[in-house]
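The following exercises introduce a protein model through worked solutions. Please read each task and attempt it before turning to its solution.

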Amino acid sequence: MILINVLKKKKEKIPPIWIMRQAGRYLPEFRKLKKKAKGFINMVYTPKIASEITLQPIKRFGFDAAIIFSDILTIPDALGQELTYEEGKGPKLKKMSIDEMISTFPVNNNKEKLHQVYKAIKETKSRLNKETALIGFVGAPLTISFFMLDSKKEKKYKKILFFLKKNKKKAKALFNILENEIVNHSIGQIKAGAQIIQIFDTWANVAKGKDLKMFSIDPIKRICTKIKKKVKKTFIIIFPRNVGRAYINYIYKDVDCISVGEDVTKKEINEIQKKKIIQGNLSPETLFNGGKKLEIETKKILNNFSKKPFIFNLSHGIMPKTPIKNVEKVIEIVRNKK
Ligand code: CP3
């Protein structure tokens with residue numbers, strides 16, 4: 001299993017490859033199943049469907065990892081902030097005040113919802129070939145809380161961060177609840193068969209300096225420590241998106257791999273690769289556009305990262321209209337068949 005070997009710091013001749021959001025709308029088989037499945041939420045919470053979708057990109061492309069089809073917003077949903085999905089508009093969480101969250105979440109916790117994710121992982125694991133790793137995932141507290149406190153979907157995450165900083169006590173209480181739930185959900189996924197957990201902090205770069213430390217770096221470190229304390233044999237990939245110079249501040253004993261964006265510099269690559277595995281970092285736009293530039297950029301990444309074991313991936317999720325032939329081309333180049 002080459003992806004696991006790389007996470008064990010063994011260099012493979014050909015780097016493992018998977019792509020974020022690899023099960024999604026760019027695939028005709030996904031769109032077809034979605035039509036039958038009665039909406040996104042139903043897809044996430046029906047293990048048979050979630051498992052089928054997880055396997056679609058594996059069957060088509062033979063990626064080195066499958067990532068379970070789910071969403072980072074299942075945690076607030078399970079805690080009692082109902083998640084709905086409007087076609088074309090994306091996910092929406094019920095409007096709730098931070099006080100209501102803090103007082104009701106510990107009581108509401110609906111384990112049944114997250115159990116559907118574990119069932120989907122078990123089913124996927126039983127159907128997956130032995131060479132392909134299975135990844136579970138969670139959102140980090142900062143990114144999840146941005147969605148939780150943005151029921152109007154204004155996407156003013158700076159404003160939400162400002163609110164969290166002004167209400168430190170409440171923010172701490174909310175983060176505590178989220179951290180515990182993120183740890184439990186990670187362990188649930190590992191016990192069900194996920195060999196790796198990826199922690200998505202998609203909006204980490206809204207916070208800078210001390211704020212980044214307090215709201216992203218420190219919570220992620222605590223989460224990783226708690227997971228590894230409970231389950232020793234697991235791997236953690238963290239994805240603090242576009243934090244630039246701060247990637248190196250996420251180097252930590254209980255982190256195995258850092259997923260980086262195009263904003264990483266050579267100096268930082270060297271610094272990270274001394275201690276940790278790197279995952280990254282092809283631009284989704286470049287993948288979408290294809291052509292000569294795609295070839296050049298893919299080869300550049302192979303050149304920049306391949307001195308040490310590394311995982312080929314994008315810098316963020318694949319765009320919904322990406323041509324399938326471009327994905328095929330990247331895989332061919334990485335596996336050196338072109
Ligand atoms: O990578 C994978 O293939 C696994 C599945 C996965 C989904 N969401 C399925 C999904 C993963 C890892 C996520 C994580 C996620 N979800 C994040 C963090 C990573 C990132 O990409 O930023 C965030 C912020 C969410 C919340 C979320 N879910 C948003 C903002 C949206 C709407 C945006 C969009 O792409 O439409 C979703 C919906 C969603 N989650 C889809 C999928 C396949 C699209 C569903 C559809 O309309 O068909």
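**Exercise 1.** In which loop does Lys-153 lie?

*Solution.* The model is a predicted one. Lys-153 is found in the loop between α8 (141-148) and α9 (157-166). Next, consider the backbone: most residues other than glycine have a negative phi. Lys-153, although not a glycine, has a positive phi of about 55 degrees.

**Exercise 2.** Determine whether the peptide bond from Gly-280 to Asn-281 is cis or trans, and place Asn-281 in its element.

*Solution.* The omega of this bond, from Gly-280 to Asn-281, is near -20 degrees, and the bond is cis. In general, most peptide bonds are trans. Asn-281 belongs to strand β8 (residues 277-282).

**Exercise 3.** Describe how helices α14 and α15 cross, and which residues make the contact.

*Solution.* First, the axes of α14 (residues 291-305) and α15 (residues 324-334) come within 10 Å and cross at roughly 35 degrees. The crossing is right-handed. From α14, the contact involves Gly-291, Leu-294, Glu-295, Thr-298, Lys-299 and Leu-302; α15 contributes Asn-326, Lys-329, Val-330, Ile-333 and Val-334. Finally, sorting these residues gives 5 nonpolar, 3 polar and 3 charged.

**Exercise 4.** Which residues are closest to the ligand, and how much of its accessible area does the protein cover?

*Solution.* Of the 21 residues surrounding the ligand, the closest are Arg-21, Arg-25, Lys-34, Asp-71 and Tyr-85. Turning to single contacts, a polar side-chain atom of Arg-25 is 2.6 Å from a ligand oxygen atom. For Lys-34, a side-chain N or O atom lies 2.7 Å from an oxygen atom of the ligand. Ala-23 takes part through a polar backbone atom, 3.2 Å from a ligand oxygen atom. On its own the ligand has 870 Å² of accessible area, of which the protein covers 89%.

Note on methods:
Residues are numbered from 1 along each chain as its sequence is written. This is a predicted model: local features need pLDDT of at least 70, side-chain atom pairs count only at pLDDT 80 or more; totals for chains, interfaces and linings use all residues. Side-chain values use heavy atoms; hydrogens and water are left out. Axes are lines fitted to C-alpha atoms, for helices over the stretch in contact, and angles run from 0 to 180 degrees between N-to-C directions. Helices (H or I, at least four residues) and strands (E, at least two) are DSSP runs, numbered from the N terminus. A crossing is left-handed if the near helix is turned anticlockwise from the far one by less than a right angle, and right-handed if clockwise. Contact means heavy atoms within 4.5 Å. Ala, Val, Leu, Ile, Met, Phe, Trp, Tyr, Cys and Pro count as nonpolar, Asp, Glu, Lys and Arg as charged, and the others, Gly among them, as polar. A residue is near a molecule or strand if one of its heavy atoms lies within 4 Å of it. A polar contact is a pair of N or O atoms within 3.5 Å; within protein, one must be able to donate a hydrogen and the other to accept it, and residues adjacent in sequence count only if both atoms are side-chain atoms. Accessible areas come from the Shrake-Rupley method with a 1.4 Å probe; for residues, only the protein chains shown count as cover.
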